[in-house]
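Me: I'd like to go through this one with you, starting from a charged side chain and working outwards. Can you keep the reasoning short and finish each reply on what I asked for?

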Amino acid sequence: SDQWLAQLCAENELVRLRLLRQLPGTGESTQECTQAGRTLLLRVVVQPTPNPNFRRIDASVEARLDGADARLLTISTIMGRY
């Protein structure tokens, strides 16, 4: 069930970025994502591509399991200029 919640966090963030209708800046950000009472860590990395009209976006979700952070899921996509 943690992986399913992680997928919700990652997909929601990718949809949020698409709804902004602008090409995101490059860099890394981290935020908490709460799903079904479970707090997960969402890390988003935006990287340039060889074509300046596109960006690669990696959304990774981690959870604290047994005192250590464990990556549950990573979703990658390409986003283009609108």
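Me: Is Glu62 buried or exposed?
Reply: Bear in mind that this is a predicted model. Glu62 is found in strand 3, residues 54-65. Buried means under 20% relative accessible area, and Glu62 has 11% relative accessibility, so the call is buried.

Me: Which residues does Glu62 touch, not counting residues up to four places away in sequence?
Reply: Start with the strand pairing: strand 2 and strand 3 run antiparallel over eight bridges, and in strand 3 the bridge partner of Leu41 is Glu62. Leu41 therefore belongs on the contact list, given that contact means heavy atoms within 4.5 Å and Glu62 touches Leu41. The full set is Leu40, Leu41, Arg43, Asp69, Ala70, Arg71 and Leu72.

Me: Which residue forms a salt bridge with Glu62, with the closest N and O atoms 3.8 Å apart?
Reply: The cut-off for a salt bridge is 4 Å from a side-chain nitrogen of Lys or Arg to a carboxyl oxygen of Asp or Glu. At 3.8 Å, the pair qualifies. The partner counts as exposed, at 54% relative accessibility, whereas Glu62 is buried. The residue is Arg71.

Me: What is the length of the polar contact that joins the side chains of Glu62 and Arg43?
Reply: A polar contact needs a pair of N or O atoms within 3.5 Å. The side chains of Glu62 and Arg43 make one, and Arg43 is partly exposed, with a relative accessible area of 22%. The value is 3.5 Å.

Me: Which residue meets Arg43 in a salt bridge of 3.3 Å, N to O?
Reply: The pair links distant parts of the chain, with Arg43 in strand 2 and the partner in strand 1 (residues 27-35), 15 residues apart. At 53% relative accessibility, that partner counts as exposed. The residue is Glu28.

Me: Which residues do salt bridges that share partners join into one network?
Reply: Two of the links have already come up: Arg43 with Glu28, and Arg71 with Glu62. Shared partners put these residues into one network: Glu28, Arg43, Glu62 and Arg71.

Me: How many residues apart are Asp2 and Arg38?
Reply: Asp2 and Arg38 form a salt bridge, with the closest N and O atoms 3.1 Å apart. Asp2 sits in helix 1 (residues 2-19) and Arg38 in strand 2 (residues 38-48), so the pair ties distant parts of the chain together. Both are partly exposed, Asp2 at 22% and Arg38 at 24%. The separation is 36 residues.

Me: Where does the largest share of the largest nonpolar core come from?
Reply: In soluble globular proteins, nonpolar side chains tend to be buried together. Here the largest such core has 17 residues, and Leu40, Leu42, Val44, Ile57, Ala59 and Val61 touch the most other members. The elements giving two or more residues are helix 1, strand 2, strand 3 and strand 4 (68-80). The largest share, six residues, comes from helix 1.

Me: Which residue takes a positive phi in the hairpin of strand 1 and strand 2?
Reply: These strands pair in the antiparallel sense over nine bridges, with Gly27 opposite Val46 in strand 2. Their hairpin has two residues between the strands, and the phi in question is near 50°. The residue is Ala36.

Technical notes: Residues numbered from 1 in each chain as written. Predicted model: local features only at pLDDT ≥ 70, side-chain atom pairs only at ≥ 80, totals over all residues. Heavy atoms only, no water. Helix = DSSP H or I, 4+ residues; strand = E, 2+ residues; numbered from the N terminus. Buried < 20%, exposed > 50% of the residue type's maximum accessible area, 1.4 Å probe, protein only. Polar contact = N/O pair within 3.5 Å; in protein donor to acceptor, adjacent residues only side chain to side chain. Core = buried A, V, L, I, M, F, W, Y, C linked by side-chain atoms within 4.5 Å. Pairing = 2+ DSSP bridges.
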